[in-house]
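Reader: Could you take me through one part of this model closely, setting out what surrounds it and how its charged side chains are placed? I would like a connected account rather than a list.

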Amino acid sequence: MSKNKVKPLVTAVFASTLLLSGCGLFGKEVQKKVDPPKQVTETKANPTKETTGKSEEVEGTKTELYLINKDGLVVPQTLTLPDKTSVAKQALEYLVANGPVTDMLPNDFRAVLPEETKITVNIKDGVAVVDFSKEFKNYQPEDEQKILQSITWTLTQFDTVEKVKLQMNGHALTEMPVKGTPISENLSRATGINIDTTGVTDITNTKPMTVYYIGGEEGAYYYVPVTKRVNTSEKNNIVAIVNELIKEPNSKSNLASVFMKDVELLEVPKIEDGKVTLNFNESIYGSFEEKIVSDHLLNTLVLSLTEQKGIKSVAVMVDGKAELVDDQGKKISEPVTRPEKVNTGSF
């Protein structure tokens, strides 16, 4: 999605029915998590291959796989994997090139781990220890940090995993085997993803914040996490995240923000029992005439804020009024929670 293509859509705040029909990240009852139960049945199809008109019914578990898109960004894609006892191990196996994920890959995405890599995973006390076979070192140097990010974010989607340790052939890895990128003893989401340091001259006076932008192409948009470096002078992390969403993403990233530049918070965000309440000016509306709030704007806001520890839901007000309407014509009367899975492919 080139910047030139995206900008007109952003100006309209993605209000067209082309983008909004069946967006599918959040369901009708916004106060609840709305992903289907873990046991699901769906049609498996590879759009890049010819089909006979017959569909194959697949039962399994919806799992986020952090894959690499054509722009080199690490992006979650939710796929239905066969039911296995070790879902964490299976998730990593589906990151292996030319492995079982091959016929399931979305267009313009590729697997992360080198071909024929074998994997074992042991989880204890919130730490996943991953041991790779010698094939793990057969990756391209430019993929090194992407591999680290993909492994970490894929595993930490599971409630039982907070941190990750890496091994190869039973030996602990303190650095990656090709370019020597240092590996933290306990990798976590705090390490970041798709790290963007554009415009940062002194990283020591910054802190990481992960926000979600829009990526993809018309008819196949998806949400992309990007870790920005925010000046430590901004003490309020919620305000910092909102400000980053309002800014344009890196022009080289082919990503877009759906926030208008003149969007502002009218007061300091309030946090109570895991719910953050935000009061915006009227620039948050996608249409000043219809007074609607874009689904895409709401989704990127909720995904970004719930990356913060302790934030479970987001309530949005405009000029102190809480009765808002989304671009489906539905009232947003309850706080919105993060979905269990991101980029389910339903829009």
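**Helix α5 and its surroundings**

Author: By the ring-pairing rule applied here, the count comes to 4 aromatic pairs, and such pairs link F132, F136 and Y139 into a cluster. This is a predicted model, and the protein in it has 6 helices and 17 strands. Buried residues make up 50% of its 347 residues, while carbon and sulfur atoms supply 48% of the roughly 17,200 Å² that the protein exposes. Among contacts between residues at least 6 apart in sequence, 63% join residues at least 24 apart.

The part to look at closely is helix α5, which spans residues 237-246 and is largely enclosed by the rest of the structure, because 8 of its 10 residues are buried. Those buried residues are I238, V239, A240, I241, V242, E244, L245 and I246, and they pack against strands β9, β10 (220-231), β11 (270-272) and β12 (275-280) as well as against helix α6 (295-305). At the N-terminal end of α5, N236 acts as a cap, with a side-chain oxygen lying 3.0 Å from the backbone nitrogen of I238.

E244, one of the buried residues of α5, has a charged partner: its side chain meets that of K228 in a salt bridge, at 2.9 Å from N to O. Since K228 lies in strand β10 and E244 in helix α5, the pair ties together parts that are 16 residues apart in sequence. Both K228 and E244 are buried.

A further lysine, K207, belongs to strand β9 (residues 206-217), which is among the elements that the buried residues of α5 pack against. K207 is buried yet has no salt bridge, and the nearest side chain of opposite charge, that of E234, is 6.3 Å away. The side chain of K207 does, however, reach the backbone oxygen of E234 at 2.5 Å. Leaving aside neighbours within four places in sequence, K207 is in contact with K228, R229, V230, N231, T232, E234, K235 and N237.

Following the chain beyond the helix, one comes to N254 in the loop between α5 and β11, where its phi is near 60°, a positive value in a residue other than glycine. Most residues other than glycine have a negative phi. N254 is partly exposed, with a relative accessible area of 22%. N343, in the segment after β17 (336-337), also has a positive phi, of about 55°, although it is not a glycine; N343 is buried, with a relative accessible area of 3%.

To set the bridge of α5 in context, the count for the protein comes to 12 salt bridges. One of them joins E93 to K89, with the closest N and O atoms 2.4 Å apart; being 4 residues apart in helix α3 (residues 87-93), these two are separated by about one helical turn. E93 counts as partly exposed at 26% relative accessibility, and K89 is partly exposed with a relative accessible area of 27%. Another bridge pairs D143 with K146, the closest N and O atoms being 4.0 Å apart, and here D143 is buried at 5%, while K146 counts as buried at 19%, the cut-off for buried being under 20%.

Key:
Residues are numbered from 1 along each chain as its sequence is written. This is a predicted model: local features need pLDDT of at least 70, side-chain atom pairs count only at pLDDT 80 or more; totals for chains, interfaces and linings use all residues. Side-chain values use heavy atoms; hydrogens and water are left out. Rings of Phe, Tyr and Trp (its six-membered ring) pair if their centres lie within 6.5 Å; planes under 30 degrees apart count as stacked, over 60 as edge-to-face and the rest as tilted. Buried means under 20% relative accessible area, exposed over 50%, partly exposed in between (1.4 Å probe, protein chains only). Contact means heavy atoms within 4.5 Å. Accessible areas come from the Shrake-Rupley method with a 1.4 Å probe; for residues, only the protein chains shown count as cover. Lys and Arg count as positive and Asp and Glu as negative; His and the chain ends are not counted. A polar contact is a pair of N or O atoms within 3.5 Å; within protein, one must be able to donate a hydrogen and the other to accept it, and residues adjacent in sequence count only if both atoms are side-chain atoms.
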